[in-house]
Amino acid sequence: MARCLPPSALAALRSASRSASSSRTRTSLLRTFATATATTTTTPPVATPSHSHKVVLIGGGTAGMTIAHQLLLTGKFTQDDLAIIDPSEHHHYQPGWTLVGGGLKRREDLCHHLPSLLDPKLKLYPASVSSLSPSNNSVTLSNGSTVGYEHLVVAPGISINYGAIKGLPEALADRESSVSTIYGYETCGKVFSTLERFQKGQAIFTQPAGVVKCAGAPQKAMWLALDLWRRQGVYNPADVKASPVKIAFATGLPVMFGVPKYSAKLEELRKERGVEGLFGHDLVEVNGDKAVFKVGEGTVEKRFDLLHVVPKMGPHGFIKESEVADTAGFVDVDQGTTRHKKFGNVWSAGDASSLPTSKTAAAITAQAPVLVRNLVDVMEGKEPQAVYDGYTSCPLTTEYGKVLLAEFTYGGVPKETFGDWFGIDQIEPRRAFYHLKKDFFPWVYANYMVKGAWGGPKGWIN
Ligand code: UQ1
């Protein structure tokens with residue numbers, strides 16, 4: 001496997017935070033530093049404007065990678081019919097970063113060399129997209145060349161806007177600070193060492209208002225930390241007043257989780273375990289040992305000794321500024337078919353899409369087969385028939401050795417795989433689900449899902 005640990009990662013983050021003045025520039029620097037290496041060292045030249053493909057996919061992340069291989073497995077495409085545009089040298093199993101934060105995995109083991117994951121029949125453009133022209137059926141790359149398509153799948157994920165919280169890039173890049181986040185390859189390595197060192201004081205775990213990927217992850221980080229400190233003897237859930245460590249969960253949301261069934265259980269755990277709940281608290285600034293939250297129309301300042309931050313996220317600029325975006329900037333697709341509401345040859349899945357469900361890798365297991373089936377049907381002159389029900393899942397680590405496996409559809413309606421099979425209620429955190437999360441999902445993802453052969457709750461497909 002190619003090197004997955006850029007030695008200059010944190011240095012790049014540091015220099016990005018030093019040299020960039022606007023939050024927009026910061027974000028793009030943070031997002032693309034690995035890309036610069038990719039384009040200068042290992043990549044073939046970018047195609048000329050004459051290139052065109054049956055299907056162009058933007059993004060080689062979970063959605064793009066899975067959909068590209070599922071399309072190939074239909075047997076209806078040959079060499080270079082399908083093209084992926086992605087500037088990244090590496091593909092990450094991001095659901096594993098919560099485990100990295102808990103000291104259970106090494107981030108390098110969840111990182112794959114992107115080009116080597118691709119079937120040789122797929123054409124790779126190792127470049128970023130600068131604009132979309134859906135009326136001309138073409139995409140313009142950052143080097144100015146254009147790529148044409150019959151169908152376009154827009155799946156570049158969601159952009160992490162570190163700079164949207166004042167002082168955050170600097171605090172994350174500072175090795176001495178106790179500010180960390182599991183939401184990035186560059187930063188997730190700092191989390192566990194920060195937690196392990198922490199023996200006394202106020203810990204705050206944040207979750208922003210607004211859209212994030214994997215909305216359960218902010219508290220997964222907290223539950224593992226709590227359990228670590230409990231085992232180390234510095235946190236006693238039964239007597240928080242006497243504990244050296246105090247824990248608060250500061251969330252921009254009014255509740256612990258968006259689905260009432262699971263939220264009730266998580267709220268029960270929060271109270272039982274002595275975690276202070278700061279609801280409606282949206283972190284806007286990190287200033288030394290002060291965290292500044294927007295609360296209602298005003299601001300509230302909290303002192304901290306350890307801060308785990310979840311940055312703000314939003315759609316990529318090239319989507320927001322294009323004709324395929326909805327008013328929020330996400331790709332405006334039908335929530336059942338995944339087909340664009342206006343451009344019939346544009347499709348989207350995953351974090352970049354407007355699909356009104358929780359943004360997770362598990363959701364892709366259900367979205368990808370629907371998109372692939374419908375795209376192929378439309379290509380063959382038929383009406384799209386397959387319908388996505390909003391399935392998504394959040395395997396929520398509530399302590400070392402236990403996971404609450406939340407699974408639900410649109411509207412937060414529970415759809416529990418093992419409830420159907422074994423008649424159990426998945427509201428209870430279980431050891432078996434912990435092994436699914438820690439061992440089985442990373443394995444099945446790397447060996448089958450990215451190759452288009454895993455259908456989530458449906459098991460192996462293709
Ligand atoms: C899943 O298929 C999957 O992909 C590998 C995950 O990892 C990201 C998941 O978290 C979940 C929940 C699924 C769904 C599969 C089952 C068997 C519930």
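Two strands pair if DSSP finds at least two bridges between them, and helices (H or I, at least four residues) and strands (E, at least two) are DSSP runs, numbered from the N terminus. Keep both in mind for the first stop.

This is a predicted model, so local features need pLDDT of at least 70, side-chain atom pairs count only at pLDDT 80 or more, and totals for chains, interfaces and linings use all residues. Residues are numbered from 1 along each chain as its sequence is written, and side-chain values use heavy atoms, with hydrogens and water left out.

**Stop 1: the parallel sheet**

Select residues 201-207 and 245-251. These are strands β11 and β12, which pair in the parallel sense over seven bridges. Look for F205, which stands opposite F249 in β12.

Now widen the selection to the whole open sheet: five strands in the order β10-β17-β11-β12-β13, with parallel pairing. At its edges are β10 (179-180) and β13 (276-279), each pairing on one side only.

Next, pick F304, in the loop between β16 (298-303) and β17 (306-308). Is F304 buried or exposed? F304 is buried, with a relative accessible area of 4%; buried means under 20%, exposed over 50% and partly exposed in between (1.4 Å probe, protein chains only). Measure from F304 to F205 and you should get 10.0 Å, C-alpha to C-alpha, for residues 99 apart in sequence. Show the contacts of F304 too (contact means heavy atoms within 4.5 Å). Leaving aside neighbours within four places in sequence, they include S178, V179, Q202 and I204, as well as D289 and K290.

**Stop 2: an unusual phi after β11**

Go to C214, in the loop between β11 and α8 (217-232). C214 is not a glycine, yet its phi is positive, about 45 degrees. The residue is buried, at 19% relative accessible area.

**Stop 3: a hairpin and its turn**

Select 129-133 and 138-141 to bring up β6 and β7, antiparallel strands joined by four bridges. V129 has L141 in β7 as its bridge partner. The two strands form a hairpin with four residues between them.

Which residue in the turn has a positive phi? Click on N137, where phi is about 55 degrees. N137 is partly exposed, with a relative accessible area of 29%.

From here, select I85 in strand β2 (residues 82-85). I85 counts as buried, at 2% relative accessibility. Leaving aside neighbours within four places in sequence, I85 is in contact with V129 and L141, the bridge partners you just saw, and among its other contacts are V56, L57, Y125 and V139. For a distance check, the C-alpha atoms of I85 and L124 are separated by 6.0 Å, with their positions 39 residues apart along the chain.

**Stop 4: the ligand**

Center the view on the ligand and show the residues near it (one heavy atom within 4 Å). There are 17 residues around the ligand, and S393, P395, E407, W454 and G456 come nearest. Taken alone the ligand exposes 430 Å², of which the protein buries 96%; accessible areas come from the Shrake-Rupley method with a 1.4 Å probe, and for residues only the protein chains shown count as cover.

Add two distance labels. A polar side-chain atom of W454 lies 2.7 Å from an oxygen atom of the ligand, and a polar side-chain atom of Y93 lies 3.5 Å from an oxygen atom of the ligand. Each is a polar contact, a pair of N or O atoms within 3.5 Å; within protein, one must be able to donate a hydrogen and the other to accept it, and residues adjacent in sequence count only if both atoms are side-chain atoms.

Color the shell by class to find 12 nonpolar, four polar and one charged residues. Here Ala, Val, Leu, Ile, Met, Phe, Trp, Tyr, Cys and Pro count as nonpolar, Asp, Glu, Lys and Arg as charged, and the others, Gly among them, as polar.

Which elements supply at least two residues each? They are α11 (361-379), β20 (392-399), α12 (417-422) and α13 (431-447). The most comes from α11, with three residues.

**Stop 5: inside α11**

Stay on helix α11 and select Q367. Q367 is buried, with a relative accessible area of 2%. Apart from neighbours within four places in sequence, Q367 is in contact with A349, G350, L355, T357 and Y388.

**Last stop: zoom out**

Show the protein chain as a cartoon, with its 13 helices and 22 strands. Buried residues make up 59% of the 462 residues.
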